[in-house]
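Work through the exercises below with the structure open. Each task is followed by a stepwise solution.

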Amino acid sequence: MKVRVSVQLKPGILDPQGKAVEQGLHGFGFEVEHVRIGRLIEMDVPGTDAADVKAKALAMCEKLLVNPVMEKASIEVL
Amino acid sequence: MRVAVPVFPGSNCDHDALHACGTVMGWDTIPVWHQESRLPENTDLVFVPGGFSYGDYLRCGAIAALAPIMADVKRHADNGGLVLGVCNGFQILCEAQLLPGALLRNESLRFIHADVHLRVERADLPFTRAMKAGEVFRVPIAHAEGNFTLDPADLADLEARGGVAFRYCSDQGEIGETHVPNGAMNGIAGIVNLGGNVLGMMPHPERAVDPKLGPTGGLGVFQSLVEAFAKA
């Protein structure tokens, strides 16, 4: 099954990249705030049971995909 | 004294580490490929070098932390063996959970290459015992991700237990935001684990040890290790 893991910096963690992009958008006249930049990971995971596949993706987050000091993830099974 | 220097694809300060430990200090210094599963027999110090292991893919140090040799580095550390991680080596030790915290992108978003001053916060470690508490030394930094971060409760714990080994400061030893090059919390440049045997730091002491190449502000760390081993 197709799995999409979205990794975001935790609230409160400084995101200088997001800040720079926000300033860039302001430069174009867009009204925008709280721009945060994250990472999107897509993969195929064998299995047909969505809950089972999600559990596997969660284990991957814990082992490698996410650093809990600074990041949090949300998992979507498509 | 025997030093092992793990080498990952993308390490680029491994030769600085080999030069400082091998040529300058005269220690038996052995490069160890990351696919090896064992450190050399009787390794006293593991020097995890700087660079861009695995191209900094995913997060700096995240993939290197999973390399086969790192399991033996953890075993060495758990047995009280000395581990020094510099720059990317520090990032790898954090990702391997040998040290707390994470190194985020510099506040300025820029790669910074500059000489900085560090204040010794702990002078009782195997890495600092030839120095004095409050002493200031000058060493280079060269990184884009050196912004040390930890959640507030863990940061308070780290400070309370004396986990901060080095802090960025002025040439007079003054502490303050203006002296922190990268946005690191509390101006933290280097930390040590609970046992005092694993030290990670962003600045490069190994690049400031050879008078033929320039200033030698980093020698204190290596002279401390000499003392530590003379005692052991």
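**Exercise 1. Contacts and burial of B:Met70**

Task: In this predicted model, find which residues B:Met70 touches, leaving out residues up to four places away in sequence. Then decide whether B:Met70 is buried or exposed.

Solution.
- Step 1. Locate the residue. B:Met70 sits in helix α2 of chain B, which covers residues 68-78.
- Step 2. List the contacts. With residues up to four places away set aside, B:Met70 touches B:Ala65 and B:Ala96.
- Step 3. Count neighbours. There are 21 C-beta neighbours inside 10 Å of B:Met70. The cut-off for buried is 20 or more. B:Met70 therefore counts as buried.
- Step 4. Check one distance. B:Val120 lies 50 residues from B:Met70 along the chain, and their C-alpha atoms are 28 Å apart.

**Exercise 2. Helix α3 of chain B**

Task: Determine how many residues of helix α3(B) are buried, and what they pack against.

Solution.
- Step 1. Take the range. Helix α3 of chain B runs over residues 88-95.
- Step 2. Count. Eight of its eight residues are buried, so the helix is largely enclosed by the rest of the structure.
- Step 3. Name some of them. The buried residues include B:Asn88, B:Gln91 and B:Glu95, as well as B:Phe90, B:Ile92 and B:Leu93.
- Step 4. Find the surroundings. In chain B, the buried residues of α3(B) pack against β3 (45-48), β4 (82-86), β5 (102-104) and β11.
- Step 5. Look past the end. Just after α3(B), B:Gln97 has a positive phi of about 65 degrees.

**Exercise 3. The nonpolar cores**

Task: In the largest nonpolar core, identify which residues touch the most other members.

Solution.
- Step 1. Size the core. It holds 77 residues.
- Step 2. Pick the hubs. B:Phe47, B:Val83 and B:Leu93 touch the most other members.
- Step 3. Follow one hub. Beyond residues up to four places away in sequence, B:Leu93 touches B:Val48, B:Val83, B:Gly85, B:Leu98, B:Leu99, B:Val198 and B:Gly200.
- Step 4. Look for another core. One of six residues lies apart from it, with A:Val3, A:Val53, A:Ala57 and A:Val66 among them.
- Step 5. Recall the general trend. In soluble globular proteins, nonpolar side chains tend to be buried together.

**Exercise 4. Strand β10 of chain B and its partners**

Task: State which strands pair with β10(B), and in which sense.

Solution.
- Step 1. Check the cover. Strand β10 of chain B (residues 188-192) is mostly covered, with five of its five residues buried.
- Step 2. Take one partner. Strand β9(B), residues 164-169, runs antiparallel to β10(B) and is joined to it by three bridges. Across this pair, B:Val164 stands opposite B:Ile191.
- Step 3. Take the other partner. β11(B), residues 198-201, also pairs with β10(B) in the antiparallel sense, over three bridges. Here B:Val192 has B:Leu199 as its bridge partner.
- Step 4. Inspect the turn. Five residues lie between the strands of the β10(B)-β11(B) hairpin, and B:Gly196 takes a positive phi near 75 degrees there.

**Exercise 5. The two chains as wholes**

Task: For each chain, compare the radius of gyration with the value from the globule rule.

Solution.
- Step 1. Lay out chain A. It has two helices and three strands, in the order β-α-β-α-β.
- Step 2. Test chain A. Its radius of gyration is 16 Å, well over the 12 Å that the rule gives for 78 residues, so chain A is more spread out than a compact globule. Its C-alpha atoms fill a box of roughly 45 × 25 × 15 Å.
- Step 3. Add burial. In chain A, 13% of the 78 residues count as buried.
- Step 4. Lay out chain B. It contains five helices and eleven strands.
- Step 5. Test chain B. Its radius of gyration is 16 Å, close to the 17 Å given for 232 residues, so chain B is as compact as a globular protein of that length. The C-alpha trace spans about 45 × 40 × 35 Å.
- Step 6. Add burial again. Buried residues make up 54% of chain B.

**Exercise 6. The contact between the chains**

Task: Work out how many residues each chain gives to the contact, and what kinds chain A brings.

Solution.
- Step 1. Count. Chain A gives nine residues and chain B gives 13 residues.
- Step 2. Find the main contributor. On the side of chain A, helix α1(A), residues 16-27, supplies the largest share, three residues.
- Step 3. Sort by type. The chain A side has seven nonpolar residues, two polar and no charged.
- Step 4. Check the helix. The twelve residues of α1(A) should span 16 Å at 1.5 Å a residue, and the end C-alpha atoms are 16 Å apart, which agrees.

Definitions and conventions: Residues numbered from 1 in each chain as written. Chains lettered and ligands numbered in written order. Predicted model: local features only at pLDDT ≥ 70, side-chain atom pairs only at ≥ 80, totals over all residues. Buried ≥ 20, exposed ≤ 12 C-beta atoms within 10 Å, placed from the backbone. Helix = DSSP H or I, 4+ residues; strand = E, 2+ residues; numbered from the N terminus. Pairing = 2+ DSSP bridges. Contact = placed C-beta atoms within 7 Å. Nonpolar A, V, L, I, M, F, W, Y, C, P; charged D, E, K, R; others polar. Core = buried A, V, L, I, M, F, W, Y, C linked by C-beta atoms within 7 Å. Expected span 1.5 Å × (residues − 1). Rg over C-alpha atoms; globule rule 2.2 N^0.38 Å.
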